[in-house]
Every structure is written in structure tokens, then in C-alpha cells.
Amino acid sequence: IIDKTKFAISNEETRYYLNGIYIHAIDENNEKKLRAVATDGHRLAKFETTLPQDANKIPGIIIPKKTINEVRKIIEDYSGVIKISLDESKILFNINNVTLSSKLIDGSFPDYEKVIPKNNDKSFSVDKKLIYEAVDRVSTVSSEKTRSIKLVVFENNISLSSSSAETGTGAEDIKIKYSGEKLEVGYNARYLMEIINQIDGDLITFELFDSSSPSIILDNTSKNSLYILMPMRV
């Protein structure tokens, strides 16, 4: 839960309610799950797993980033059961012989469901390693400030490119299976690579609508995770 979402936590203090991971119970198609969501307005990470025993009545809570990081350190080499107790303002972790108590973020997490596109009708899958390395190479010439990269998707091909006045241009093509209409979209290369890093399988799927709408990024081997990446002008 932590590793799949914490990279998208916001550091913007004015929107303090985004400075953590929002965890809540859901009932979807008569299947109860524990869902975690984090977003900074540029990207969104959603991950869900089977609802733990005794967690049916948990309220929706926002666990602060600092607490998340401390818990992650403690459980690095621990594989046993973690007991979590909470109310609407505090959370308590009992991990082996360690007890960690924290306040929860007092705020309302936004309705993230409204951000997830429902009409992205263009999709393609690509080898995770290939696109990660291509984005990494091409973005080395992008502006240090924007880290922007452009993807042009057309018949059976992705063309990646980037340029800056100081360092020149870079371009690379990747072969894919795609027969939809041509589409151009720009991304922050670092944000895109961070999402690709969360994919466990060999294939990553992009679902797009147009150059200005949010992109959905999926792991072909898991239905438990979903990522949203906002495009940028390139």
C-alpha cells in the first residue's frame, strides 16, 4: 500500500489535506477492499487490497507523509502482523516491539473518483523496460526546469522526443500494436518514470482520450493499481 502510493503525496502545504495517503474501506461488486489514494494534482496513485479482518468500520483517514515514512522504515525487515488502532483523529501502529502513534490529517480528501477519466478510448501496451529506458534517455536533453517529453502515438509506433535551447534535441521510436488515430501528448518525464517504476509486470498500458485530458496508466498483471498522469504542454 505504501510503496504503490507514497510517491504521489503532495508537499504543498497550502493543500495540507493532500500531504498524506487517504485510506478507506470500499464495497465494490460485493467485494470489500481497503483502498489507498495519493495525489499532488499532477499525478494520482490508487491501490487496493483485500479488506483486513476487523476493518469493516474504519473511517476514511489521511495518514501524514512523515508517519508513512516512519512506518515504512520500521517494517523494512519485518514480515509479521501489524496491529493498527485508530479513531477519527489518531492512529496507533504496533509493529513487533515498536509502538508508533500519530495524529491524522484533519481535512477532507477530494473526490478522487471525479479525476479518473471514464471515456479514454485510445489505448496501447508497451514493454515497461523499453519505455522507461527510452524516456530516461530522451529526457536528458529536456529543460531542467520542466523535464518535459513528448509522445506521438500513431500506427504501430510511439515516437518520443524532447528538446531545449541549451542542450539540443533527442528522439527515439518504439514499436507497438496500435491502429487508432494519431495522438500527441506531453508529460513530465520524472513523473512518468516514477509511475512506470510502480509497475510489476512486463507490460504497461496507457489509456488516452486527447492531448489535454488525464492519462490512465495500468499494470497489465494487476487490477489492484491505477495511476493517473496529467499531461503538460510541450
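Two strands are taken to pair if DSSP finds at least two bridges between them. On that basis, the predicted model contains an open sheet of eight strands, which follow one another in the order 4-1-2-3-15-14-13-8 with antiparallel pairing. The edges of this sheet are occupied by strand 4 and strand 8 (122–127), each of which has a single partner strand, so that one side of each is left without a neighbour in the sheet. Between neighbouring strands of this sheet the average turn is 25 degrees, direction ignored. At the end of the order where strand 4 stands, strand 1 (residues 20–28) and strand 4 pair in the antiparallel sense over four bridges, and isoleucine 21 has isoleucine 63, in strand 4, as its bridge partner.

Two helices are placed against strands of the eight-stranded order. Helix 2 lies across strand 1 and strand 4, and its direction makes an angle of about 70 degrees with strand 4. Helix 4 (residues 189–196) lies across strand 3, strand 13 (203–208), strand 14 and strand 15, and runs at about 175 degrees to strand 15.

A further open sheet consists of three strands in the order 5-6-7, again with antiparallel pairing. Here strand 5 (82–86) and strand 7 (98–103) stand at the edges with a single partner strand each, so one side of each is left without a neighbour in the sheet. Neighbouring strands of this sheet are turned by 15 degrees against each other on average, direction ignored. Strand 5 pairs with strand 6 (residues 90–95) in the antiparallel sense, over five bridges, and leucine 86 is found opposite isoleucine 91 of strand 6. Helix 2 (residues 65–74), already described in relation to strand 1 and strand 4, also lies across strand 6 and strand 7, running at about 170 degrees to strand 7. Helix 2 is thus placed across strands of the three-stranded order as well.

A third group of pairings involves strand 9, strand 10 and strand 11. Strand 9 (residues 148–154) and strand 10 are paired in the antiparallel sense over five bridges, with valine 152 standing opposite serine 159 of strand 10. These two strands form a hairpin with two residues between them, in which asparagine 156 adopts a positive phi near 60 degrees. Strand 10 in turn pairs with strand 11 (residues 168–175), in the antiparallel sense and over eight bridges; isoleucine 158 stands opposite isoleucine 174 of strand 11, and the hairpin formed by strand 10 and strand 11 has three residues between the strands.

Of the eight residues of strand 10 (residues 157–164), six are buried, so this strand is largely enclosed by the rest of the structure. Asparagine 157 belongs to strand 10 and, at 3% relative accessibility, counts as buried, because the cut-off for that class is under 20%. When its neighbours within four places in sequence are left aside, asparagine 157 is in contact with Val152, Asp173, Ile174, Lys175 and Ile176. Among these contacts, Val152 is the residue that stands opposite serine 159, and Ile174 is the residue that stands opposite isoleucine 158.

The largest pocket of the model has a volume of about 740 Å³. Its lining is made up of 22 residues, of which Ile1, Leu34, Pro52, Ile82 and Ile84 lie nearest the centre of the pocket. Strand 4 (61–64), helix 2, strand 5 and strand 6 each supply at least two residues of this lining, and the most is given by strand 5, with five residues. By class, the lining of the largest pocket comprises 17 nonpolar, three polar and two charged residues.

The second largest pocket has a volume of about 270 Å³ and is lined by 15 residues, with Lys46, Ile116, Ile216, Leu218 and Leu226 lying nearest its centre. Strand 3 (43–50), strand 14 (215–219) and strand 15 (225–229) are the elements that give two or more residues to this lining, and strand 14 gives the most, with three residues. The residues lining the second largest pocket divide into five nonpolar, three polar and seven charged.

Note on methods
Residues numbered from 1 in each chain as written. Predicted model: local features only at pLDDT ≥ 70, side-chain atom pairs only at ≥ 80, totals over all residues. Heavy atoms only, no water. Axes fitted to C-alpha atoms, helices over the stretch in contact; angles between N-to-C directions. Contact = heavy atoms within 4.5 Å. 1 Å grid on protein atoms, 1.4 Å probe; cavity = no way out; pocket = protein on both sides within 12 Å on 5 of 7 lines; lining within 4 Å. Points joined across faces, edges and corners; volume = space filled by probe spheres on them. Nonpolar A, V, L, I, M, F, W, Y, C, P; charged D, E, K, R; others polar. Buried < 20%, exposed > 50% of the residue type's maximum accessible area, 1.4 Å probe, protein only.
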